[in-house]
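Visitor: Please take me through one part of this structure closely. I would like to see how the helices and the sheet of a single chain fit together.

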Protein chains: 2
Amino acid sequence: MQLYFAPLACSLATRIAFYEADAKAEYIQVDTKRKVLTKDNADFNAVNPLGQVPVLRLDDGSTLTENTAVLQYVAECFPQTRLMPAGGPAQARVRQWLGFIGTELHKAVYVPLLDSKASDAVKAYSRDKIKLRLDFLQSQLAGRQYLADHFTIADAYLTTILNWSRATSIDLSPWPAVADYYARMLKRPSIAKAVSEEYELYMKEK
Amino acid sequence: MQLYFAPLACSLATRIAFYEADAKAEYIQVDTKRKVLTKDNADFNAVNPLGQVPVLRLDDGSTLTENTAVLQYVAECFPQTRLMPAGGPAQARVRQWLGFIGTELHKAVYVPLLDSKASDAVKAYSRDKIKLRLDFLQSQLAGRQYLADHFTIADAYLTTILNWSRATSIDLSPWPAVADYYARMLKRPSIAKAVSEEYELYMKEK
């Protein structure tokens with residue numbers, strides 16, 4: 001499989017999933033500002049008309065987009081990793097976390113705060129949403145190691161999003177269970193490796 | 001199962017899924033502005049601390065939230081309905097649609113436009129996102145009956161969101177495949193029944 005990614009963008013979660021599975025994948029870097037592939041300036045909109053990463057190219061040549069769909073697909077390719085429970089309420093709860101992270105954190109809070117074209121009024125509107133959502137996350141993570149009872153793709157996704165907190169000036173310290181969780185996840189080998197590799201690419205791009 | 005819903009909110013998609021399955025469910029109306037149950041003013045935040053619908057109460061008494069998780073759970077309870085392909089790339093593509101609808105349409109465009117507390121600057125920021133997303137939807141729906149090769153939960157969800165277009169002054173006519181799709185979906189018996197029932201409750205609430 002091929003993963004179209006941008007350094008430290010939400011596609012990082014899929015890289016983490018591949019590393020957890022100890023699986024081979026080809027990583028194709030995208031400049032999402034200019035909407036081109038980094039290596040040859042080829043048009044990225046031809047790969048995804050929405051201009052977003054991640055895009056996963058499956059072995060049949062077709063493409064799959066949307067982080068929650070890509071993560072579930074990768075997890076299901078490697079069931080031995082237990083990155084996604086196989087069915088029933090346990091699976092539904094990981095999907096609930098994917099939904100929460102994707103809609104309430106990623107899109108409602110972090111995307112506008114990261115967007116250089118968003119005005120102060122837009123950023124303030126997003127900032128007003130932080131407390132309810134991080135209070136909820138705090139209540140759910142208190143006393144827990146992971147979102148589910150073991151590491152799943154929801155943890156890969158949540159860590160990827162929390163990793164934007166510094167860039168968006170979101171101070172996690174009022175939510176100690178969230179801050180501790182994030183610090184703990186950064187030490188996990190798959191995540192440490194993925195973050196340090198993409199950080200290097202990110203700095204090179206800048 | 002019990003579905004906590006608000007009239008014409010995104011929980012409508014789950015009602016449609018139940019109607020497609022010809023399945024019994026208990027529908028509990030929520031006033032999401034006051035965060036109470038309509039019937040007895042009981043505190044809805046005790047059911048969902050985020051104050052959002054849908055909430056599905058499973059037969060074991062636990063609750064499930066997040067539209068994409070709830071819809072997949074219901075679809076998988078009734079596999080004979082084919083509301084969700086059972087696995088592989090076909091399932092992944094429906095999840096891709098759920099992700100797109102949930103993040104790009106529901107959260108990025110429609111929620112701020114529906115929010116009476118969002119300023120004109122916030123609404124303008126969301127309105128700027130419409131064209132790219134509806135252009136994409138137009139390109140994908142042209143010549144197609146459904147998002148996948150038959151009716152799925154992604155259609156239930158998309159119809160529910162498009163149903164907010166009038167309230168948000170989004171004119172679909174520049175995207176005729178989208179407008180035609182929406183008009184066609186409204187005629188589908190499960191959707192016609194769900195929309196007319198919730199419309200009545202919506203008007204009563206007002």
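Guide: This is a predicted model, and chain B is a good place to look. Start with a pair of helices. In chain B, helix α2 (residues 67–77) packs with helix α3 (residues 88–114), at an angle of about 145° and with 11 Å between the axes. Two packed helices are described by exactly these two things, the angle between their axes and the distance between the axes. The crossing of α2(B) and α3(B) is right-handed. On the α2(B) side the contact is made by B:Thr68, B:Leu71, B:Gln72 and B:Glu76, and on the α3(B) side by B:Gln91, B:Arg95 and B:Leu98. Sorted by class, the contact of α2(B) with α3(B) has two nonpolar, three polar and two charged residues. The spacing of such residues has a general background: an α-helix has 3.6 residues a turn, so residues three or four places apart point the same way.

Now turn to the sheet. Chain B has an open sheet of five strands, in the order β3-β2-β1-β4-β5, and the pairing is mixed. The edges are formed by β3 (36–37) and β5 (63–65) of chain B; each has a single partner strand, so one side of each is left without a neighbour in the sheet. At the β5 edge, strand β4 (residues 55–57) of chain B is joined to β5(B) by three bridges, and the two run antiparallel. Within this pair, B:Leu56 stands opposite B:Leu64 of β5(B).

Two helices lie against this sheet. Helix α1 (residues 12–21) of chain B packs on the sheet and touches β1 (2–5), β2 (26–31) and β4 of chain B. The direction of α1 makes about 145° with that of β1(B). The other is α2(B), which packs on the sheet by touching β4 and β5 of chain B, its direction making about 120° with that of β5(B). Thus α2(B) has contacts on the sheet and also packs with α3(B).

Just before β4 there is a detail of the backbone. B:Pro54 lies in the loop between β3 and β4 of chain B, and the peptide bond from B:Val53 to B:Pro54 is cis, with omega near -5°. In chain A, the bond from A:Val53 to A:Pro54 is also cis, with omega near 0°; A:Pro54 is in the loop between β3 (36–37) and β4 (55–57) of that chain.

The last element to look at is helix α6 (residues 153–162) of chain B. Ten of its ten residues are buried, so α6(B) is largely enclosed by the rest of the structure. Among these buried residues are B:Ile153, B:Tyr157, B:Thr159 and B:Leu162. The buried residues of α6(B) pack against α1, α2, α3, α5 (130–141), α7 (176–187) and α8 (189–205) of chain B. The helices already described, α1, α2 and α3, are included in that list.

For a view of one residue, look across to chain A, where A:Thr159 lies in helix α6 (residues 153–162). A:Thr159 has 2% relative accessibility, under the 20% cut-off, so this residue counts as buried. The side chain of A:Thr159 reaches the backbone oxygen of A:Asp155 at 2.7 Å. Leaving aside neighbours within four places in sequence, A:Thr159 is in contact with A:Tyr181, A:Tyr182, A:Met185, A:Leu186 and A:Ile191.

How values were computed
Residues are numbered from 1 along each chain as its sequence is written. Chains are lettered from A and ligands numbered from 1 in the order in which they are written. This is a predicted model: local features need pLDDT of at least 70, side-chain atom pairs count only at pLDDT 80 or more; totals for chains, interfaces and linings use all residues. Side-chain values use heavy atoms; hydrogens and water are left out. Axes are lines fitted to C-alpha atoms, for helices over the stretch in contact, and angles run from 0 to 180 degrees between N-to-C directions. Helices (H or I, at least four residues) and strands (E, at least two) are DSSP runs, numbered from the N terminus. A crossing is left-handed if the near helix is turned anticlockwise from the far one by less than a right angle, and right-handed if clockwise. Contact means heavy atoms within 4.5 Å. Ala, Val, Leu, Ile, Met, Phe, Trp, Tyr, Cys and Pro count as nonpolar, Asp, Glu, Lys and Arg as charged, and the others, Gly among them, as polar. Two strands pair if DSSP finds at least two bridges between them. Buried means under 20% relative accessible area, exposed over 50%, partly exposed in between (1.4 Å probe, protein chains only). A polar contact is a pair of N or O atoms within 3.5 Å; within protein, one must be able to donate a hydrogen and the other to accept it, and residues adjacent in sequence count only if both atoms are side-chain atoms.
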